[in-house]
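Here are some exercises with worked solutions. Grab a pencil, look at the structure, and try each task before you read on.

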Amino acid sequence: MATEGSDNDGGGERLLSGAALRMTVLLGESDRWHHKPVYTEIVHRAQRAGLAGASVFHGIEGFGSSSLIHTSRLLSLSEDLPVAVVVVDTEERIRGFLPELDELVGAGLVVLDACEVVRHTAQAGGAAT
């Protein structure tokens, strides 16, 4: 994997290309860590760890190990919709970040997939796309 730019403090621009690892953390939007959503804590820790980027996706329907379907279509079951946090970086950096999840993800699923980064650019202002 090729990287460009500074990656020492999480604040510099770091662009990726080539082989990478994608980490997806699947959890419920009501999961909390010290009164904050777990997905928010994961994103902030990923940034502090200097990972290339993280995105949170809000699901409209899903179920987990409980087999209870949560859906936005029924008000009574829309209280804990699925959330996916996706982080892509080098295998070494992603695997080094996994211990951070041990204390955060009590109920949820963490999946790792090999992937290839074919385009990773930064917008004006530093936001990667």
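**Exercise 1.** Decide whether T24 is buried or exposed.

*Solution.* Start with the cut-offs: buried means under 20% relative accessible area, exposed means over 50%, and partly exposed is in between (1.4 Å probe, protein chains only). T24 has a relative accessibility of 14%, so T24 counts as buried. Next, find where T24 sits: T24 belongs to strand 2, a strand being a DSSP run of E with at least two residues, while a helix is a run of H or I with at least four, both numbered from the N terminus. Finally, list the neighbours. Leaving out residues up to four places away in sequence, T24 touches A84, V85, V86, L109, V110 and V111, where a contact means heavy atoms within 4.5 Å.

A word on the ground rules: this is a predicted model, where local features need pLDDT of at least 70 and side-chain atom pairs count only at pLDDT 80 or more, while totals for chains, interfaces and linings use all residues. Residues are numbered from 1 along each chain as its sequence is written, and side-chain values use heavy atoms, with hydrogens and water left out.

**Exercise 2.** Work out which parts of the chain the pair R22 and D113 links.

*Solution.* First, check the pair itself. A salt bridge needs a side-chain nitrogen of Lys or Arg within 4 Å of a carboxyl oxygen of Asp or Glu. The side chains of R22 and D113 pass, at 3.7 Å from N to O. Now place the partners: R22 is in strand 2 and D113 in strand 9 (residues 109–117), so the bridge joins distant parts of the chain, 91 residues apart. As for exposure, R22 is partly exposed because its relative accessibility is 32%. D113 gets that label too, with 28%.

**Exercise 3.** Say how far apart R95 and E91 are in helix 2.

*Solution.* Begin with the bridge: the closest N and O atoms of R95 and E91 are 2.8 Å apart. Then count along helix 2 (residues 91–102): the two are four residues apart, so about one helical turn separates them. R95 is partly exposed at 43% relative accessibility, and E91 is partly exposed at 45%.

**Exercise 4.** Find which residues are linked with E41 and R48 in a network of salt bridges.

*Solution.* Take the pair first: the side chains of R48 and E41 form a salt bridge at 3.8 Å, N to O. Check each end. R48 counts as exposed at 56% relative accessibility, whereas E41 counts as buried at 7%. Then widen the view: K36, R45, E100 and E103 are in the network with E41 and R48. For the full tally, the count comes to seven salt bridges.

**Exercise 5.** Sum up the layout of the chain: how many helices and strands are there?

*Solution.* Count the elements and you get two helices and nine strands. Read them from the N terminus and the order is β-β-β-β-α-β-β-β-β-α-β. Now turn to burial: of the 129 residues in the chain, 30% are buried. Last, look at contacts between residues at least 6 apart in sequence: 66% of them join residues at least 24 apart.
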